[in-house]
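Student: I am new to this structure. Could you help me learn to read its features, one at a time?

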Amino acid sequence: MPSPFIKDLITLPSFLIQGERKEEERWIFERSLPPHCPICPTCFGRTINMSSKRKQWIHGYTNTVGLFWIELPIERRRCQACFLTFTVSDPGLPSHSIATESFQHWVAQLCIGKTIQEVARLLPLAYTTVERWFYQYTPALLPTSNPTVVCVDEFAFRKGHDDGVAVMDTQTRNVLSIASGKNKEAIVEALQPVASKVKYVVSDLAPAMRKAMEKVCPKAIHVLDHFHVIQLFTDALERCRKSLAKGGTKHGSVRRVCRLLSQRPEK
């Protein structure tokens, strides 16, 4: 692979290109550190290199190459004055992760507008890894907003096991806060970050919703969402149909009544 292409592909100017190799289906770019002598973080004394091992990180992705890795040495050093031993950690290269911070940011940004499963299949990476990076870095990528109209609803972390409450900005469609549970305390916890600015709260007819809003944002106007209003109306029509159908077997008049009730008032 040409050296200028490697320099454009790997944006790590503080490291020197040592070489590249291909292991099975992945490219590994070997990098080396420039001559340096890190000082002791405690006494700022001179240190010596005790041992050095090489570690690999995922650093990028291209359509032609796929995932490519970088390989850098990790030094274990000792202070000559206080005899403290420590591992030299470079910025942007976490020692307990399989990928560089820049790649994790890129994956989190790629998930915006796509599902986590799509991104995990594209790269390919483990679903849980992509999910962890998404929830870690995406809040910093989303634009800040001052919501005045929010929507509160329940959802399931695991269907039938763990429930939660989410607060969403109705204009930007961004999730503002999440709380575990679906009782009054959970709704209060979810509404607390936006309670001072919100003017309208859209939710269902659950009693816990009303009680939580009266406690956190009593001045906000409670708006019922269209789905539950239509659901109540269709349930009432169904009860009407069953009540009228008891008198006989002909359903012509029952269907006409339900059709008339389903029209707009002006019609």
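Tutor: Gladly! Let us begin with strand pairing: two strands pair if DSSP finds at least two bridges between them. Helices (H or I, at least four residues) and strands (E, at least two) are DSSP runs, numbered from the N terminus. Here β7 and β8 run antiparallel, and five bridges join them. Before we go on, note that this is a predicted model, in which local features need pLDDT of at least 70, side-chain atom pairs count only at pLDDT 80 or more, and totals for chains, interfaces and linings use all residues. Residues are numbered from 1 along each chain as its sequence is written, and side-chain values use heavy atoms, with hydrogens and water left out.

Student: Which residue in β8 is the bridge partner of Gly164?

Tutor: That is Ser180. Look also at the hairpin of β7 and β8: five residues lie between the strands, and Arg173 takes a positive phi near 65 degrees.

Student: How many helices and strands does the protein have?

Tutor: There are eight helices and ten strands.

Student: How do I read a salt bridge?

Tutor: Look for a side-chain nitrogen of Lys or Arg within 4 Å of a carboxyl oxygen of Asp or Glu. The structure holds four of these. One of them joins Asp163 to Lys182, at 3.7 Å from N to O. Asp163 is in strand β7 (residues 162-169) and Lys182 in the loop between β8 (175-180) and α5 (184-191), so the pair links distant parts of the chain, 19 residues apart.

Student: Are salt-bridge residues buried or exposed, as with Glu75?

Tutor: Use the relative accessible area: buried means under 20%, exposed over 50%, and partly exposed in between (1.4 Å probe, protein chains only). Glu75 counts as buried because its relative accessibility is 13%. Glu75 forms a salt bridge with Arg77, with the closest N and O atoms 2.8 Å apart. Arg77 is buried too, at 6% relative accessibility. By contrast, Asp163 is partly exposed at 27%, and Lys182 is partly exposed at 44%.

Student: What separates Arg210 and Glu214 in helix α6?

Tutor: About one helical turn, because they are four residues apart in α6 (residues 207-216). Their salt bridge has its closest N and O atoms 3.4 Å apart.

Student: And how do I read a nonpolar core?

Tutor: In soluble globular proteins, nonpolar side chains tend to be buried together. A nonpolar core is a set of buried Ala, Val, Leu, Ile, Met, Phe, Trp, Tyr and Cys residues joined through side-chain atoms within 4.5 Å. The largest one here has 20 residues, and those with the most contacts inside it include Val152, Val167 and Cys217. β6 (149-158), β7, α5 and α6 each supply at least two residues of this core. Its largest share, five residues, comes from α5.

Student: Which residues does Cys217 touch?

Tutor: Contact means heavy atoms within 4.5 Å. Leaving aside residues up to four places away in sequence, Cys217 touches Ala195, Val198, Val201 and Ala212. There is also a second, separate core of 19 residues, with Leu67, Ala99, Leu110 and Leu125 among them.

Student: How much of the protein is buried?

Tutor: Buried residues make up 34% of its 267 residues. As for contacts with a separation of 6 or more, 45% come from residues 24 or more positions apart.
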